[in-house]
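Here are my notes on the model you sent. Please read them with the structure open beside you.

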Amino acid sequence: MTELAEPIHIVVAMDFSDAIIERIREVSPRLKVERYASNVPERAYADVEIMYTYRHFPTPAQAPRLRWLQLHTAGVDHAIKEPILGAQDVDVTTTSGIHAVVASEYCLGMILAFNYKLPTMLNFQKRAEWAGDGDRYKLYAARELRGQTVGIVGYGSIGRELARMCDALGIKVLAIKRNVMQPADHYSWVEAGTGDPEGDIPVRIYPPEAAASMVKECDYVVVVAPMTDASKHLINEDVLRAMKKTAVLINVARGGLVDEAALISALAAEHIGGAALDVFEEEPLPTTSPLWNLDNVILSPHIAGFSARYHEKAAQLFIDNLELYLEKRPLLNLFDHKRGY
């Protein structure tokens, strides 16, 4: 009689449903899965080999057998200082890719909102005015999206899915990518039928230091890059000054990628056409921020990447990676300490 291989102990520090936990267990009879929706008892760390977590992190001493840490987020900025992320023999993976469709749809929605003057409509609606004293046809004149240009800052999973959507609408796509010589991405989790894994869609790919050159060509600039020390204030005063007077900035990545003070100045002076912001340098956005009172801005409370299916998609990514782990194959969405994402 063949004996089963040694069991693999998994701690899920998330409020996953019973159905999701059962799906994880079904991957292999070797998996011994414990779920903790609130606090994780220290005893649970002793034998854990794989851990799924959002904010619960053992120390290397508490979890000596840990070999893989799956985060519940695409970004690692909330966990980067945890000692376990620096352990040499612990792989860290993210949920990059599960946000791609919903976040891209949010960005496309903001492009449509500004193209068809939604902020202007809502401002008149608040005042119960038809169209002020002006010619409503002139006021609301919109250009077709076909033939316009979007510049995508960060060509990861969200950027690639947004590129696919924009390309289908006839919008010219430019992109910024850290390594312009490697447009393809075969190491990230991708939902079937989405994205641009080969990197074929952008007409041109720029390095980050050429951001000012790219934005000169763009009607919309969408920020979807990871937040690292190198990318802080990538969209700075010089880049904002290079944008078209009619261009719109959309940020669904991290607030620190944009110099917020410079952006407020550019918006207030109408040096750019507007901004749709889901993320900010300080969150929640303080009530004293001038952004609340600008007519050419749409604000949302860091929700662009969230969907009602978040847990379901995150669990599917984890299951896909579990199968790779059991086959001793490279995991998807591996965190790279040198890059910072």
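**Notes on the predicted model**

1. Overall size. This is a predicted model. A compact globule of 341 residues would have a radius of gyration near 20 Å, and the protein chain has 22 Å, so the two agree. Along the principal axes, the C-alpha atoms fill a box of roughly 85 × 40 × 35 Å. The protein chain holds nine helices and 12 strands.

2. The five-stranded sheet. One open sheet is built from five strands, in the order 2-1-3-4-5, with parallel pairing. Its edges are strand 2 (31–35) and strand 5 (91–93), each of which pairs on one side only. On average, and with direction ignored, neighbouring strands of this sheet are turned by 15° against each other.

3. A pair inside that sheet. Strand 3 (residues 50–53) and strand 4 (residues 68–71) run parallel and are joined by four bridges. To find the register, start from Met51: its bridge partner in strand 4 is Leu69.

4. Helices on the five-stranded sheet. Helix 1 (residues 18–25) lies across strand 1 (8–13) and strand 2, and runs at about 160° to strand 2. Helix 9 (residues 310–326) lies across strand 1, strand 2, strand 3, strand 4 and strand 5. The angle between helix 9 and strand 4 is about 160°.

5. The seven-stranded sheet. Seven strands form another open sheet, in the order 8-7-6-9-10-11-12, and the pairing is again parallel. Strand 8 (204–206) and strand 12 (297–299) are the edge strands, each pairing on one side only. Neighbouring strands here are turned by 15° against each other on average, direction ignored.

6. Contacts in the seven-stranded sheet. Strand 9 (residues 220–223) pairs with strand 10 (residues 248–251) in the parallel sense over four bridges. Within this pair, Val223 stands opposite Asn251. Helix 5 packs on the sheet and touches strand 6 (149–153), strand 7 (172–176) and strand 9. The direction of helix 5 makes about 170° with that of strand 6.

7. The largest cavity. How many cavities of 30 Å³ or more are there? The count is two. The largest cavity has a volume of about 90 Å³. Its lining has 15 residues, and those nearest the centre are Ser157, Arg160, Val190, Thr194 and Gly195. Helix 5 (residues 157–168) gives the largest share of this lining, three residues. By class, the lining divides into four nonpolar, six polar and five charged residues.

8. The second largest cavity. This cavity holds about 40 Å³ of space. Its lining consists of Asn251, Gly255, Val258, Glu260, Leu263, Leu277, Val279, Phe280 and Leu291. Six of these residues are nonpolar, two are polar and one is charged. Asn251 also stands opposite Val223 in the strand pair of point 6.

9. The second largest pocket. About 710 Å³ of space lies in this pocket. Of its 26 lining residues, Phe114, Lys117, Thr246, Val248 and Gly273 lie nearest the centre. Which helix supplies the largest share of the lining? Helix 3 does, with four residues. Helix 2 (100–115), helix 3 (118–126) and helix 8 (260–268) each supply at least two. The lining has 12 nonpolar, seven polar and seven charged residues.

Notes
Residues numbered from 1 in each chain as written. Predicted model: local features only at pLDDT ≥ 70, side-chain atom pairs only at ≥ 80, totals over all residues. Heavy atoms only, no water. 1 Å grid on protein atoms, 1.4 Å probe; cavity = no way out; pocket = protein on both sides within 12 Å on 5 of 7 lines; lining within 4 Å. Points joined across faces, edges and corners; volume = space filled by probe spheres on them. Nonpolar A, V, L, I, M, F, W, Y, C, P; charged D, E, K, R; others polar. Pairing = 2+ DSSP bridges. Axes fitted to C-alpha atoms, helices over the stretch in contact; angles between N-to-C directions. Contact = heavy atoms within 4.5 Å. Rg over C-alpha atoms; globule rule 2.2 N^0.38 Å.
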